Amino acid sequence: MLELDFPTYQLEQIPITDDMTSAFGAKPINAVLGLDLVCEFASEDVVREMHPDQTLLAKLPGRIQNATAAGAEADCVSRSFCPKLSIAEDPVCGSAHCHIAVYWAKKLNKTDITAFQASKRSGYLYCKIKENSRIAIRGNATLISIAELQV
């Protein structure tokens, strides 16, 4: 496993809008905003079966638009959509969990959160909220390229 140390972000409660419902294709039950948008949905199945509209997602606040719900085999299940970064869906997004894990840690009153990202590739993230506005995120790494640099 690989562990990275990230910053956390203050999350501000924001109103649920019709635009969010249209973009995600389902109505959130809660929404918070830091650098990224985190929308909580009623069930894990809603998040797993979601087919969001990328054009509408790009109009929502936040750098990344995250969908999350309580999980059956993990504390939470999530998906991370990044149309503003020209990425339809991040397979397993560490930086998104700087928001998602903080959201669930507060909601569940825990410092250790097990998260499952339900993308096509999918993966588990093991998140530990630390002092000093930091989070340790651990998970299996996937090699996606090998390169040589000549100087």
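User: Which strand is joined to E3 by four bridges, and in which sense do the two run?

Analyst: Bridges between two strands show that they pair, and the sense tells how they run relative to each other. In this predicted model, E3 is joined to strand E4 (residues 37-40) by four bridges, and the two run antiparallel. For a residue to look at, take asparagine 30, which stands opposite glutamate 40 in E4.

User: How many residues does the hairpin from E3 to E4 go through?

Analyst: Three residues make up the hairpin that joins E3 to E4.

User: Which strand besides E4 should I look for beside E3, and over how many bridges does it pair?

Analyst: Strand E2 (residues 12-13) pairs with strand E3 (residues 30-33) over two bridges, in the antiparallel sense. Here glutamine 13 stands opposite valine 32 in E3.

User: Turning to the rings, how many aromatic pairs does the structure hold?

Analyst: The structure holds five aromatic pairs. In the pair of phenylalanine 116 and tyrosine 124, the ring centres are 4.8 Å apart and the planes stand at 55°, so this pair is tilted. The reasoning rests on the cut-offs: planes under 30 degrees apart count as stacked and those over 60 as edge-to-face.

User: Are phenylalanine 116 and tyrosine 124 buried or exposed?

Analyst: Relative accessible area decides this, with buried meaning under 20% and exposed over 50%. Phenylalanine 116 has 12%, so it is buried. Tyrosine 124 has 33% relative accessibility and therefore counts as partly exposed.

User: Which residues form one aromatic cluster?

Analyst: That cluster is formed by Phe24, Phe41 and Phe81.

Key
Residues are numbered from 1 along each chain as its sequence is written. This is a predicted model: local features need pLDDT of at least 70, side-chain atom pairs count only at pLDDT 80 or more; totals for chains, interfaces and linings use all residues. Side-chain values use heavy atoms; hydrogens and water are left out. Rings of Phe, Tyr and Trp (its six-membered ring) pair if their centres lie within 6.5 Å; planes under 30 degrees apart count as stacked, over 60 as edge-to-face and the rest as tilted. Buried means under 20% relative accessible area, exposed over 50%, partly exposed in between (1.4 Å probe, protein chains only).
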